[in-house]
Amino acid sequence: MDFSVDFYKDEVRYGFYVPTAIKQAWAAELMVLEEIDRICQKYNIKYYADWGTMLGAIRHGGFIPWDDDMDIGMLRDDYIRFRQAAAKELPKEFAIHDFESKEDHWLFLSRVVNRNHICFEEEHLNKYHNFPYIAAVDIFVMDYLYREEDKEKERCDEIKLILAIADAIVEQGLNAAEKRMLKIIEQKYHRNLSHIQSRRKLGIELYRLAGEQMARVPREEADFVGQIFPWVLKGNAGMPKEYFDKMVRLPFENTTIPVPADYHAVIQRKYGNYMEIYKGQGLHGYPFFEGQRDNLQAVADDFELPEFTFRPEMFMRDNSEQASNKSIKDIVKEYIHVLEEQMECFGEQTIKDKRIEDNDLLPECQKLAVDLGTLVEEWKGEDNPNVKEIVSYIETFCEALYQTYERLVSASDILKCQEFVSCIKDCKIAWEAVKKMLHEKLLQKNVVLFITTGSREWNGFKKICERSLEDKNNEVYVVLVPVAFKDIFGRTTFKDIKLPTDTDFFPEGVQVGQWDTIDIGLLHPDVIYIQDPYDDENPCLTIPPQFYAKKVRYNTETLIYVPPYYVKEFGEADSCDVYNMKHYVTAPAVMYADQVLVQSDNMKKMYIEKLTAFAGEETKGDWDRKLKVADLYASRDLLEDTPKETIVYCIGENKLAAKRDAFVKEVKDKLEEFEKINADIQVKICMYPPALDTWKSVDSCLTQQILEIIGEYAGQDWCDSCDMNKTEWEEIAREGTTYYGSPSPLVHLFTTRNKKVTIVE
């Protein structure tokens with residue numbers, strides 16, 4: 001499975017910051033899922049996304065942003081077949097953990113893992129983009145339930161008893177009470193268990209027996225299925241077995257994953273109003289790999305695992321590290337100084353001493369002026385309006401110098417002094433004009449530089465850049481820098497990196513520098529804005545080292561870090577949000593910047609608390625001074641001056657699975673209703689999921705009828721259809737003003753923009 005640099009980049013989803021480290025965990029789990037999926041497809045084994053993974057697939061088109069585990073489900077028969085196939089098909093380094101194979105795994109779920117232990121082997125790290133931790137996919141098993149309530153209760157009581165005895169034996173061994181109960185179980189289920197001396201082995205046999213009781217109801221004797229441990233044991237009634245007869249594949253990150261065809265009905269039974277977000281902390285520690293890291297550190301007595309830490313010198317600029325190269329302004333000032341000295345040499349004594357002819361002062365001045373013009377053109381660009389104006393004045397000065405020299409060379413000795421006095425006056429007037437232009441158009445300009453990594457990140461700079469451009473005394477530069485993978489040793493190459501050629505997202509008036517040729521030391525901006533927090537601390541990505549915060553701060557008077565994304569406001573109780581601050585707050589850019597801009601007073605408070613805990617209580621005042629609240633991010637609200645209400649009408653496959661013919665009529669009726677008010681609205685029809693093969697797998701005939709209905713309306717002035725591929729989601733949500741129809745990941749892209757949403761069941 002291939003993952004692009006963009007996949008691993010930090011991003012904000014539904015207001016939640018997702019850093020690279022979490023993306024690494026996601027990618028590793030998706031690679032485990034890829035192996036499971038390969039086996040299931042090869043052997044025609046049915047599986048489906050379950051629990052949070054199903055919710056993520058339906059609601060987000062991928063992982064729930066604040067979740068990092070992956071769950072799938074199988075019916076018992078499919079699970080047995082999968083275990084048999086996996087034994088010979090899984091890669092050799094993979095394993096399946098269950099109560100039989102894994103110590104202290106007393107659960108009725110299996111876990112497919114990519115390793116049995118944390119692995120720092122180079123081949124493994126390269127494959128998983130420097131993620132050394134154990135990545136897993138949990139498999140939950142569903143069994144058929146008795147139709148009769150009393151029979152199901154009887155079975156559940158049996159299973160509870162078996163498990164209670166098993167747990168007691170595993171924890172404390174056989175006592176007299178357990179021995180008596182074990183005899184009853186042996187007689188009831190015709191098992192010989194008393195001879196087993198090992199507590200663990202006896203526990204395994206009892207868990208096997210409990211599993212057999214879970215599996216004892218055949219399909220034809222059941223109407224419902226359920227995950228018996230723990231939910232049916234706790235009174236859950238399960239779901240209709242027909243829900244799991246047909247699967248369809250929904251987009252999930254950079255792949256697809258199976259879900260029940262009527263996924264709305266299934267997920268609603270699990271979560272109720274599942275489109276309403278409750279950003280809880282889940283059943284698992286977040287992120288899962290921190291627990292593994294803590295365990296590794298506990299046994300690594302002789303060394304500390306590498307981690308970014310605070311050093312007081314990060315606050316200070318070491319003059320020994322100050323960039324040694326002169327800035328363009330310094331060089332221009334030197335030119336002015338030399339030319340000023342040369343111009344002061346011109347007087348009557350110069351003629352008497354014959355210094356004009358013998359020392360070629362006028363040609364030397366001309367050459368210096370030409371070199372100055374060339375320098376400014378090469379650095380600022382020939383098409384720069386300020387450069388054109390400066391160069392035109394330099395050309396006038398050079399012409400005056402040339403005319404002076406020509407007239408003096410050709411004039412008689414008697415006339416030379418008179419010619420000189422007349423001509424040199426013109427030269428000095430032209431020189432004063434050049435100096436004035438150089439000061440106004442170059443030396444007195446404030447140079448502002450923005451260093452960005454892409455169009456998505458540029459949104460964090462957009463407002464600041466627009467304000468910078470409004471000040472006519474500013475010269476605004478932008479450098480788009482590449483992001484590349486690095487290996488565990490930090491090695492990378494930018495040689496073959498291709499940056500986007502379309503940079504229309506930069507506003508008019510900025511000067512775009514090439515990342516591999518720009519000399520920031522020569523430019524020496526008055527202000528540099530940065531937005532990559534990591535320097536070399538990102539776990540698998542990097543930018544060219546010359547753009548690290550710890551280096552560029554020596555090439556500017558003021559270095560300002562701006563977080564690239566707006567996040568939904570959170571507080572101390574939001575533990576997942578607080579954890580992720582570890583990656584973009586307690587990071588090099590925040591340490592080395594002179595200022596850090598944040599979106600609100602609340603976020604300033606959260607930053608200060610996190611940074612003070614990271615760097616020490618004595619630094620609290622430093623953070624308070626460094627952090628500034630600013631209006632940073634471009635609006636995500638409705639487009640201004642929208643001429644009509646733009647309704648995104650989402651037609652979902654789940655309703656086809658649930659309603660069949662009735663749904664076809666529903667689509668037809670709704671479009672007729674829209675047509676009656678078409679003067680006031682614009683309708684964009686989209687089908688979810690976008691893959692038509694998925695729809696046809698449910699009912700090809702009805703799918704064709706829906707396509708014909710859409711074709712009848714799409715293309716009219718008031719109605720068209722749009723592609724619902726994942727890459728188009730942001731654009732659809734930006735253009736639409738109202739969402740109507742079936743649930744899809746678009747719903748929360750509308751709600752985060754404060755747009756109206758109506759979900760029709």
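**Exercise 1. Helix α11 and its packing**

Task: In this predicted model, find which residues of helix α11 (residues 288-299) are buried, and name the helices they pack against.

Solution. Start with the burial of each residue in the helix. The buried set consists of Phe288, Phe289, Glu290, Gln292, Arg293 and Gln297. Next, look across from these residues to their surroundings. They pack against two elements, α2 (20-42) and α21 (575-584).

Now step back to the residue just ahead of the helix. Proline 287 sits in the loop between α10 and α11, and the peptide bond that leads into proline 287 from tyrosine 286 is cis, with omega near -10°.

**Exercise 2. A second cis bond, and two unusual phi angles**

Task: Where does a cis peptide bond join tyrosine 688 to a proline, and where do histidine 190 and arginine 660, with their positive phi, lie?

Solution. Recall the background first: most residues other than glycine have a negative phi, and most peptide bonds are trans.

Take the peptide bond. Tyrosine 688 is joined in cis to proline 689, with omega about -5°. Proline 689 is placed in the loop between β22 (681-688) and α27.

Then turn to phi. Histidine 190 is not a glycine, yet its phi is positive, about 55°. Histidine 190 belongs to the loop between α7 (176-189) and α8 (199-214). With a relative accessibility of 70%, over the 50% cut-off, histidine 190 counts as exposed.

Arginine 660 also has a positive phi, near 55°, and its place is the loop between α25 and α26. Arginine 660 is partly exposed, because its relative accessible area is 33%.

**Exercise 3. Reading salt bridges**

Task: How many salt bridges does the model contain, and what do the pairs of lysine 9, arginine 155 and aspartate 699 look like?

Solution. As a reminder, side chains of opposite charge can pair when their charged atoms come close. Counting nitrogen-oxygen pairs within 4 Å gives 56 salt bridges.

Step one: lysine 9 pairs with glutamate 457 at 3.7 Å, N to O. This pair links distant parts of the chain, 448 residues apart, with lysine 9 in the loop between α1 (5-8) and β1 (11-13) and glutamate 457 in helix α18 (residues 455-470). Both partners are buried.

Step two: arginine 155 meets glutamate 152 in a salt bridge of 2.9 Å, N to O. These two residues are about one helical turn apart, because 3 residues separate them in helix α6. Arginine 155 has 0% relative accessibility, so it counts as buried. Glutamate 152 is buried too, with a relative accessible area of 10%.

Step three: aspartate 699 and arginine 660 bring their closest N and O atoms to 3.4 Å. Here again distant parts of the chain are linked: aspartate 699 lies in helix α27 (residues 692-713) and arginine 660 in the loop between α25 (653-659) and α26 (661-676), 39 residues apart.

Step four: look for shared partners. One network of salt bridges joins Asp6, Lys9, Glu11, Arg13, Lys23, Glu253, Arg456, Glu457 and Lys726.

**Exercise 4. Two residues and their contacts**

Task: Are histidine 264 and threonine 738 buried or exposed, and which residues do they touch beyond their neighbours within four places in sequence?

Solution. Histidine 264 lies in helix α10 (residues 263-271). Its relative accessibility is 11%, so histidine 264 counts as buried. Its contacts beyond those neighbours are Tyr274, Asn654, Pro743 and Glu761.

Threonine 738 is part of strand β24 (residues 738-741). Threonine 738 is buried as well, because its relative accessible area is 8%. With the same neighbours set aside, threonine 738 contacts Glu645, Thr646, Ile647, Val648, Phe750 and Lys756.

For a sense of distance, compare C-alpha positions. Threonine 738 and glutamate 617 are 121 residues apart along the chain, and their C-alpha atoms are separated by 48 Å.

**Exercise 5. A charged patch**

Task: Which residues form a negative surface patch with Glu148, and where in the chain is glutamate 148 found?

Solution. The patch is made of Glu148, Glu149, Asp150, Glu154, Glu220 and Glu221. Glutamate 148 is located in the loop between β7 (136-146) and α6 (149-172). At 37% relative accessibility, glutamate 148 counts as partly exposed.

Note on methods:
Residues are numbered from 1 along each chain as its sequence is written. This is a predicted model: local features need pLDDT of at least 70, side-chain atom pairs count only at pLDDT 80 or more; totals for chains, interfaces and linings use all residues. Side-chain values use heavy atoms; hydrogens and water are left out. Patches are made of residues with over 30% relative accessible area and no salt bridge: like charges are joined within 9 Å, nonpolar side chains (Val, Leu, Ile, Met, Phe, Trp, Tyr) within 5 Å. Accessible areas come from the Shrake-Rupley method with a 1.4 Å probe; for residues, only the protein chains shown count as cover. A salt bridge is a side-chain nitrogen of Lys or Arg within 4 Å of a carboxyl oxygen of Asp or Glu. Lys and Arg count as positive and Asp and Glu as negative; His and the chain ends are not counted. The place of a charge is taken as NZ of Lys, CZ of Arg, CG of Asp or CD of Glu. Helices (H or I, at least four residues) and strands (E, at least two) are DSSP runs, numbered from the N terminus. Buried means under 20% relative accessible area, exposed over 50%, partly exposed in between (1.4 Å probe, protein chains only). Contact means heavy atoms within 4.5 Å.
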